[in-house]
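Student: I would like to learn how to read the contact between two parts of a single chain. Could we work through one case together, step by step?

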Amino acid sequence: MIRKLQAVALDCADPVRLAGFYAELLGGRAVPDPEDPDWVEVHGFEGTPLACQRVEGYRPPEWPGQRHPQQLHLDFDVDDLDGEEKRALALGATVLERTDQLRPDANWRVYADPAGHPFCLCLH
């Protein structure tokens, strides 16, 4: 039986940069693998660790298009949507959709990390 989810791995062109982005966003730290320069994990925050791995020829997903599908996205609970958006943008994220401003029943916004992976900030 599986004990726990060890990590969520994100493909990218620059694992050091992407891990640094998520370390800052989550209040964690980037931990390079001394034996594998193409693998960097993010630790030190509540939840499952994230890993960033270099992939040759990486192409970022498109959102909401499907020519290069996202295949997964990350959701993060926040207490202050505007404040966390400002912080995420300062770290290098881009806004894909402010869903909460488009749909009255929505409590989330969609962004892309510096490598193009979609993620959501969700007000809870």
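Student: How much area do domain 1 and domain 2 bury between them?

Tutor: The size of an interface is often given as the accessible area lost when the parts come together. In this predicted model, domain 1 and domain 2 bury about 1100 Å² between them, and 75% of that area is on carbon and sulfur atoms. In domain 1, Phe 21, Tyr 22 and Leu 25 lose the most area to domain 2, together accounting for 48% of what that side buries.

Student: Where along the chain are domain 1 and domain 2, and how many Å apart do their C-alpha centres lie?

Tutor: Domain 1 covers residues 7-55 and domain 2 covers residues 72-123, with their C-alpha centres 19 Å apart. The contact takes 12 residues from domain 1 and 13 residues from domain 2.

Student: How many salt bridges and how many residue pairs in polar contact are counted between domain 1 and domain 2?

Tutor: The count is 0 for salt bridges between domain 1 and domain 2, whereas 4 residue pairs, both members at pLDDT 80 or more, are in polar contact.

Student: Which elements give two or more residues to the side of domain 1 that touches domain 2?

Tutor: They are β1 (8-12) and α1 (15-26), and of the elements on that side α1 gives the most, with 7 residues. The residues of this side of domain 1 divide into 9 nonpolar, no polar and 3 charged.

Student: How many salt bridges does the structure hold?

Tutor: The structure holds 8 salt bridges. One of them joins Asp 38 and Arg 54, whose closest N and O atoms are 2.6 Å apart; this pair links distant parts of the chain, with Asp 38 in strand β3 (residues 36-43) and Arg 54 in strand β4, 16 residues apart.

Student: Which residues does a cis peptide bond join?

Tutor: A cis peptide bond joins Trp 63 and Pro 64, with omega at about 5°. Pro 64 itself lies in the loop between β4 (50-54) and β5 (74-78).

Student: What feature does UniProt place at residues 4-124?

Tutor: The UniProt record, an unreviewed entry, places the feature "domain: VOC" at residues 4-124. In the model, that span is 21% helix and 36% strand, and its end C-alpha atoms lie 25 Å apart.

Definitions and conventions:
Residues numbered from 1 in each chain as written. Predicted model: local features only at pLDDT ≥ 70, side-chain atom pairs only at ≥ 80, totals over all residues. Heavy atoms only, no water. Domains from an automatic or database assignment. Contact = heavy atoms within 4.5 Å. Buried area = accessible area lost by both parts, 1.4 Å probe. Salt bridge = Lys/Arg side-chain N within 4 Å of Asp/Glu carboxyl O. Polar contact = N/O pair within 3.5 Å; in protein donor to acceptor, adjacent residues only side chain to side chain. Helix = DSSP H or I, 4+ residues; strand = E, 2+ residues; numbered from the N terminus. Nonpolar A, V, L, I, M, F, W, Y, C, P; charged D, E, K, R; others polar. UniProt positions renumbered as here; feature names shortened; annotations may be inferred.
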